[in-house]
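These are my notebook entries on pockets, salt bridges and surface. I set each term down with its cut-offs where I use it.

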Amino acid sequence: MRQLTYIEAGRVAWQDAPDPEPTDRAGAVVRPLAVARCDLDPIMAGFGIFPGSFAVGHETVAEVVAVGEDVRERRVGDRVLVPFQVSCGSCDACRDGRFAACHTYRAKAGAAFGFGEAGGGHGGAVADLLAVPHADHLLVPAPDGLSAAALCTLPDNVTDGYRAVAPQLAAHPGAEVLVVGGAAASIGLYAVAAAHALGAGRVRYADADAARCAAATALGADVTQLDGPWPRRLDRAPIVVENTADVDGLACALRSTDDYGTCTSVAIHFAPTTPMPLLELYTKGITYHVSRADSRKFLPEVVALAASGALDPLAVPTTVVPWDEGEDAWLAPATKLVLERT
């Protein structure tokens, strides 16, 4: 088969690789139909933060082409979504609904497709075929009526934006949401879209990038385009999404969280983030949540929201290119890039 492979910092290329077989009797092999580029993918391939070489891509909708003997719920020909994290569905963590903390599959960067050995060596989605373990648990049926280009965005970045606002809005219906920054180019915009779909009373967006601000405006947010250093704080909101990847931006987002509110980080802070305004968090009762999105946990909810028409992932600026152009497109600028088979 052919796969798009990270070679070295700043370089990806199509390479031939052996066809995969089901990982075991409970596994399946799928054929990716479309793959979306995660906001982290350009950093991974552009700067080489994980050792190569490895097949790239971890946001995909696919067709099942082979199943192991113990697979009961998935069939050849099914169209499915593949959660980007690998989990077994039966360990203590999975039984507790913490699939991203699966005890069976562990890796330096967390067990995941498209991260090479740092993700456990599970293969990448920009490939003719992808082996998926625990198919009955891991594979999520794809609904009819949504294009492959829309579906492939759901397993990671759309889910990430959704989980940053959904539990909080479920606890506080109609609350105001503030999204701060656009370090993860698409996730903050998906958070805006999800907040509107879930009935937030008001959605605000603050960023320095004019194009992202225009996109957030089109999604219905009240936008503040920033100029210069991060302010000490913005007008407070009970639900805040921190997407700055900057120590001063993080402090701004935390200070912009209302008393006993929640601030969720969706950007990755690679550099140290101290000092944090811990005394202010303490006196105001702020909850700060930082983690990867749990793809298998939240993906069914996201799929249902998209299938209902309340959430349109393609409302976020999306560049769709033919599959064979992946080598040139993977590191090219785009808010959201999708490779689609034609």
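**Entry 1. Terms and source.** I count Ala, Val, Leu, Ile, Met, Phe, Trp, Tyr, Cys and Pro as nonpolar, Asp, Glu, Lys and Arg as charged, and the others, Gly among them, as polar. I note that this is a predicted model, in which local features need pLDDT of at least 70 and side-chain atom pairs count only at pLDDT 80 or more, while totals for chains, interfaces and linings use all residues. Residues are numbered from 1 along each chain as its sequence is written, and side-chain values use heavy atoms, with hydrogens and water left out.

**Entry 2. Second largest pocket.** I looked up the pockets on a 1 Å grid over the protein atoms alone; a pocket is an open set of points where a 1.4 Å probe fits, with protein on both sides within 12 Å along at least five of seven lines, and lining residues have an atom within 4 Å of a point. A volume is the space filled by probe spheres set on the points, which are joined across faces, edges and corners. The second largest pocket holds about 240 Å³. I find 15 residues in its lining, and those nearest its centre are Arg163, Pro167, His289, Ser291 and Phe298. Two or more lining residues come from each of helix 6 (166-171), strand 13, strand 14 and helix 11 (295-307); helices (H or I, at least four residues) and strands (E, at least two) are DSSP runs numbered from the N terminus. The lining divides into 3 nonpolar, 7 polar and 5 charged residues.

**Entry 3. Largest pocket.** The largest pocket has a volume of about 650 Å³. Of its 33 lining residues, Leu40, Val266, Ala267, Ile268 and Arg292 are closest to the centre. I record 20 nonpolar, 7 polar and 6 charged residues in this lining. Helix 5 (154-163) and strand 14 (287-290) each supply at least two of them, and helix 5 gives the most, with 4 residues.

**Entry 4. Ile268 and the surface.** I then followed Ile268 to the loop between strand 13 (257-265) and helix 10 (278-284). Its relative accessible area is 43%, so I enter Ile268 as partly exposed; buried means under 20%, exposed over 50%, and partly exposed in between (1.4 Å probe, protein chains only). Ile268 also belongs to a nonpolar surface patch of about 500 Å², together with Ile43, Phe47, Ile49 and Phe270. Patch residues have over 30% relative accessible area and no salt bridge; nonpolar side chains (Val, Leu, Ile, Met, Phe, Trp, Tyr) are joined within 5 Å, and like charges within 9 Å. Areas come from the Shrake-Rupley method with a 1.4 Å probe; for residues, only the protein chains shown count as cover.

**Entry 5. Salt bridges.** I count 15 salt bridges in the structure, each a side-chain nitrogen of Lys or Arg within 4 Å of a carboxyl oxygen of Asp or Glu. Which residues pair with Glu280? Arg232 does so at 3.3 Å, N to O. Glu280 lies in helix 10 and Arg232 in the loop between strand 11 (222-225) and strand 12 (237-242), so this pair ties together parts 48 residues apart in sequence. Arg255 also forms a salt bridge with Glu280, at 3.0 Å between the closest N and O atoms. Arg255 lies in helix 9 (residues 247-255), so its bridge to helix 10 joins parts 25 residues apart in sequence. Arg255 is buried at 18% relative accessible area, whereas Arg232 is exposed at 54% and Glu280 partly exposed at 23%. I close with the network of salt bridges that links Glu176, Arg202, Arg204 and Asp222.
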